[in-house]
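Student: I have a new model open and want to learn how to read it. Where should we begin?
Tutor: Let us take one residue, then widen the view.

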Amino acid sequence: FNNEENCIPFGFNQTLVGSETLQFVFIEFLDCDAPENVYNNRCDKQSNVKPNKSFGPKFAKCVDGFAEVFVYVQDNRIYDSMTDTTPIPDSCNPGANNFGKCKWKFKIPCDCSLRVRE
């Protein structure tokens with residue numbers, strides 16, 4: 001945790017689908033490597049994401065005490081009835097396909113103090 005730079009580390013582990021490989025995973029967040037006072041969305045695209053595949057650490061910028069991370073999944077096994085209607089941002093370069101999609105939003109508190117039990 002790096003509060004001085006107003007950034008917080010996070011990671012992603014593909015446990016969404018037990019033994020299946022996901023076709024596409026997109027992770028979108030405000031990039032800590034952007035210049036100060038510049039809110040630059042970064043979107044990392046991964047394809048053929050196997051179970052338990054981990055990505056990170058990544059560093060998200062905190063705004064008003066929180067870092068927001070969005071995870072999008074595109075896969076042909078996601079049926080229309082399950083599909084989230086929110087489009088995957090163009091910055092993620094989702095491509096033109098007819099795969100179903102889902103979206104998750106994570107709001108990570110940046111001022112959380114870590115306590116270790118003794």
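Student: Which strand holds Q74?
Tutor: Q74 sits in strand β5. Keep in mind that this is a predicted model.

Student: Is Q74 buried or exposed?
Tutor: Buried means under 20% relative accessible area. Q74 has 5% relative accessibility, so Q74 counts as buried.

Student: What is Q74 in contact with, leaving aside neighbours within four places in sequence?
Tutor: The partners of Q74 are Q23, F24, F26, I88, P94, N97, F99, G100 and K101.

Student: Now the whole chain. How many helices and strands does the protein have?
Tutor: The count is 0 helices and 6 strands. Read from the N terminus, the order is β-β-β-β-β-β.

Student: What do the contacts say about sequence separation?
Tutor: Take the contacts with a separation of 6 or more: 71% of them join residues 24 or more positions apart.

Student: What share of the residues is buried?
Tutor: Of 118 residues, 35% count as buried. The accessible surface of the protein is about 7,900 Å², and carbon and sulfur atoms hold 47% of it.

Student: How do I read the confidence?
Tutor: pLDDT is the predictor's confidence in each residue, from 0 to 100. The protein averages 81, and 80% of the residues score at least 70. Among the elements, strand β2 (residues 22-30) has the highest mean pLDDT, 92, and β6 the lowest, 89.

Student: Where is the pLDDT below 50?
Tutor: That is the stretch of residues 114-118. Beyond near neighbours in sequence, this stretch makes 0 contacts in the model. Where pLDDT is low, predicted coordinates should not be read in detail.

Student: Next, the interior. Which residues have the most contacts inside the largest nonpolar core?
Tutor: They are F10, F12, V25, I27, F29, A67 and V69, in a core of 18 residues.

Student: Which strands each supply at least two residues of this core?
Tutor: β1 (7-13), β2, β4 (54-61) and β5 (66-75) each do.

Student: Take I27. Which residues is I27 in contact with, leaving aside neighbours within four places in sequence?
Tutor: I27 touches F10, F12, R42, C43, D44, F55, K58, V69 and F70. C43 and F70 also lead to another cluster: they belong to a second, separate core of 7 residues, which includes Y72 and I88 as well.

Student: Where does C43 lie, and is C43 buried or exposed?
Tutor: C43 is in strand β3. Its relative accessible area is 16%, so C43 is buried. Outside its neighbours within four places in sequence, C43 contacts F26, I27, E28, S91 and C92. C43 and F26 lie 17 residues apart in sequence, with 6.3 Å between their C-alpha atoms.

Student: And C92, where is that found?
Tutor: C92 is in the loop between β5 and β6. Loop or not, check the accessibility. C92 has a value of 2%, so C92 counts as buried. Beyond neighbours within four places in sequence, its contacts are F26, E28, C43 and K45. C92 and E28 are 64 residues apart along the chain, yet their C-alpha atoms are separated by 7.5 Å.

Student: What should I look for in the backbone?
Tutor: Most residues other than glycine have a negative phi, and most peptide bonds are trans. Look for departures from that.

Student: Which peptide bond is cis?
Tutor: The bond from G56 to P57 is cis, with omega near 5 degrees. P57 is in strand β4.

Student: What is phi at N52 and at D64?
Tutor: Phi of N52 is near 65 degrees, a positive value. D64 is positive too, at about 55 degrees. N52 lies in the loop between β3 (41-49) and β4. D64 lies in the loop between β4 and β5.

Student: Why do N52 and D64 count as exposed?
Tutor: Exposed means over 50% relative accessible area. N52 has 54%, so N52 is exposed. D64 has 74% and counts as exposed.

Student: Last, the surface. Which residues make the nonpolar patch of about 280 Å²?
Tutor: L16, W104 and F106 make it. W104 is in strand β6 (residues 100-109). With a relative accessible area of 34%, W104 is partly exposed.

How values were computed: Residues are numbered from 1 along each chain as its sequence is written. This is a predicted model: local features need pLDDT of at least 70, side-chain atom pairs count only at pLDDT 80 or more; totals for chains, interfaces and linings use all residues. Side-chain values use heavy atoms; hydrogens and water are left out. Patches are made of residues with over 30% relative accessible area and no salt bridge: like charges are joined within 9 Å, nonpolar side chains (Val, Leu, Ile, Met, Phe, Trp, Tyr) within 5 Å. Accessible areas come from the Shrake-Rupley method with a 1.4 Å probe; for residues, only the protein chains shown count as cover. A salt bridge is a side-chain nitrogen of Lys or Arg within 4 Å of a carboxyl oxygen of Asp or Glu. Helices (H or I, at least four residues) and strands (E, at least two) are DSSP runs, numbered from the N terminus. Buried means under 20% relative accessible area, exposed over 50%, partly exposed in between (1.4 Å probe, protein chains only). Contact means heavy atoms within 4.5 Å. A nonpolar core is a set of buried Ala, Val, Leu, Ile, Met, Phe, Trp, Tyr and Cys residues joined through side-chain atoms within 4.5 Å.
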